[in-house]
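Here is a short briefing on the metal sites and ring contacts of one protein. Look at the model first, then read the points below.

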Amino acid sequence: MKLIDPIIQFHNEIQAIRREIHAHPELCFEEHDTAELVAKKLTEWGIPVVRGLGVTGVVGILKNGNSQRAIGLRADMDALPILELNTFAHASKNKGKMHACGHDGHTAMLLGAAHYLSQNKNFDGTIYLIFQPAEEGGGGAKRMMDEGLFEKFPMEAVFGMHNWPGIPVGHFGVTPGPMMASSNEFEVVVSGKGAHAAQPHKGIDPIMVAVQIAQSWQTIITRNKSPIDAAALSITQIHAGSTTNVIPDDATLVGTVRTFDLKVLDLIENRMRAIAEHTAAAFDAKVSFNFKRNYPPLINHAKETAFAVEVLQGIVGAEHVDAQVEPTMGAEDFAFMLQGKPGCYVFIGNGEGDHRSAGHGLGPCNLHNPSYDFNDDLLPIGATYWVRLAESFLKN
Ligand SMILES: [Zn+2]
Ligand SMILES: [Zn+2]
């Protein structure tokens with residue numbers, strides 16, 4: 001691996017920052033202390049910052065030379081409402097909140113790059129260091145864009161990175177096109193007519209209708225969309241009734257739909273609504289259909305992906321870069337930024353979990369698991385990637 005020496009020398013400081021953030025996790029749009037720490041470090045290193053974009057977002061501005069060219073590098077700062085099972089020294093001190101997705105590491109890697117770039121300006125143009133809030137369901141990326149991220153900080157392209165457990169340390173995964181799914185949720189309430197369970201003919205049983213709808217929806221996946229298009233439709237909650245001898249008034253179906261393509265999503269949503277409404281009508285029941293689109297699919301741009309792959313190959317070698325990594329049905333709000341600007345999002349291998357120090361929980365080292373921890377060995381690897389990416393993009 002061709003890591004940058006001064007970044008390796010700086011490992012202890014960056015690790016200390018990473019663990020400090022890990023110990024003090026904050027949820028969506030509440031990243032006040034984390035943002036404070038990020039802004040303080042950037043300022044200390046002579047990098048001007050703009051704060052408050054998307055409530056707690058921070059943008060560092062690194063300029064050199066006369067070129068009008070500009071690149072954006074993005075990290076996320078928020079944690080999850082999870083009770084951490086790890087007991088090592090840097091485990092969460094905010095009970096019930098945890099950096100279980102490694103955003104502490106993402107923030108630290110970008111800070112590591114910022115520190116190096118502030119002292120070694122081998123580029124001509126502007127690097128925008130974007131620290132965003134609320135990736136975990138809050139759409140912090142969208143919020144920063146709505147508040148003028150790309151107008152206030154005009155950049156040609158934007159890049160993101162996420163640690164990925166299961167990919168070995170020193171390896172990267174990326175693919176052009178769809179890499180993560182759109183995330184959407186639905187709540188459908190079937191209203192029938194309650195009755196004595198021994199006199200079903202005097203009511204309209206919403207449970208039977210809900211079951212018919214649930215069964216029929218799966219045919220959208222197998223009969224309506226093309227077999228070539230990927231999609232998942234999962235009902236994750238069914239609620240109805242509260243006792244053995246009463247047919248209830250309503251039944252509720254809740255769940256999620258994931259797709260890599262918005263046209264496929266349109267098709268699924270429309271078919272779900274039609275099946276729900278017509279099935280209810282067939283049984284003289286009524287239905288209220290609510291479908292909410294959260295994050296769009298994350299779609300990497302071909303040119304910027306080829307560029308990122310080239311940079312990665314220069315650092316870890318071609319054999320350690322999977323440039324056709326299998327997409328995942330997980331979702332990520334960096335997808336919004338890739339709708340606004342060309343760019344690319346990569347997975348950086350977090351290993352299998354053997355990096356965790358004594359006192360880690362007994363669960364697997366997977367994202368969103370209470371026994372997870374970010375792998376500090378990645379800090380110089382990720383920071384080197386950010387630096388080389390920016391330097392190559394803004395070559396003087
Ligand atoms: Zn997450
Ligand atoms: Zn995450």
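In this predicted model, the zinc ion (ligand 2) takes its protein donors from Cys 101 (SG), His 103 (NE2) and His 162 (NE2). These donors lie 2.1 to 2.3 Å from the metal. Cys 101 also reaches the zinc ion (ligand 1), bridging the two ions. The ions lie 3.1 Å apart.

**Zinc ion (ligand 2)**

- The donor residues follow the spacing C-x1-H-x58-H in sequence.
- The two histidines link distant parts of the chain: His 103 belongs to helix H4 (residues 103-119), while His 162 belongs to strand S5 (residues 157-164). They are 59 residues apart.
- Both His 103 and His 162 are buried.

**Zinc ion (ligand 1)**

- Protein donors here are Cys 101 (SG), Glu 136, which is listed twice through OE, and His 368 (NE2). Their distances from the ion run from 2.0 to 2.7 Å.
- What is the geometry of the site with its four donor atoms? It is irregular, with angles of 52 to 149 degrees. A tetrahedral site would need all angles between 85 and 135 degrees, so this range does not qualify.
- The sequence spacing of the donor residues is C-x34-E-x231-H.
- Glu 136 sits in the loop between strand S4 (125-132) and helix H5 (140-146). His 368 sits in the loop between strand S16 (343-349) and H11. The pair therefore ties together parts that are 232 residues apart in sequence.
- Glu 136 is buried, at a relative accessible area of 18%. His 368 is partly exposed, at 39%. The cut-off for buried is under 20%, so Glu 136 falls inside it.

**Aromatic contacts**

- The structure contains 13 aromatic pairs.
- One of them joins Phe 172 and Tyr 385, with ring centres 5.9 Å apart. Their planes meet at 50 degrees, so the pair counts as tilted.
- This pair also links distant parts of the chain: Phe 172 is in strand S6 (residues 172-173) and Tyr 385 in helix H11 (residues 378-393). The separation is 213 residues.
- Phe 172 has 2% relative accessibility and counts as buried. Tyr 385 has 0% and also counts as buried.
- Trp 164, Phe 334, Tyr 345 and Phe 347 make up one aromatic cluster.

**Charges over rings**

- Arg 69 lies over the face of Phe 393, 4.7 Å from the ring centre.
- Arg 143 places its charged end over the ring of Phe 29, at 5.2 Å from the centre.

Technical notes: Residues are numbered from 1 along each chain as its sequence is written. Chains are lettered from A and ligands numbered from 1 in the order in which they are written. This is a predicted model: local features need pLDDT of at least 70, side-chain atom pairs count only at pLDDT 80 or more; totals for chains, interfaces and linings use all residues. Side-chain values use heavy atoms; hydrogens and water are left out. Donors are N, O and S atoms within 2.8 Å of the metal (3.2 Å for Na, K and Ca); water is not among the atoms, so sites may look incomplete. Helices (H or I, at least four residues) and strands (E, at least two) are DSSP runs, numbered from the N terminus. Buried means under 20% relative accessible area, exposed over 50%, partly exposed in between (1.4 Å probe, protein chains only). Rings of Phe, Tyr and Trp (its six-membered ring) pair if their centres lie within 6.5 Å; planes under 30 degrees apart count as stacked, over 60 as edge-to-face and the rest as tilted. A charge sits over a ring if NZ of Lys or CZ of Arg is within 6 Å of the ring centre and within 35 degrees of the ring normal. Four donors count as tetrahedral if all angles lie between 85 and 135 degrees; four count as square planar and six as octahedral if opposite donors are over 155 degrees apart and all others between 65 and 115; anything else is irregular.
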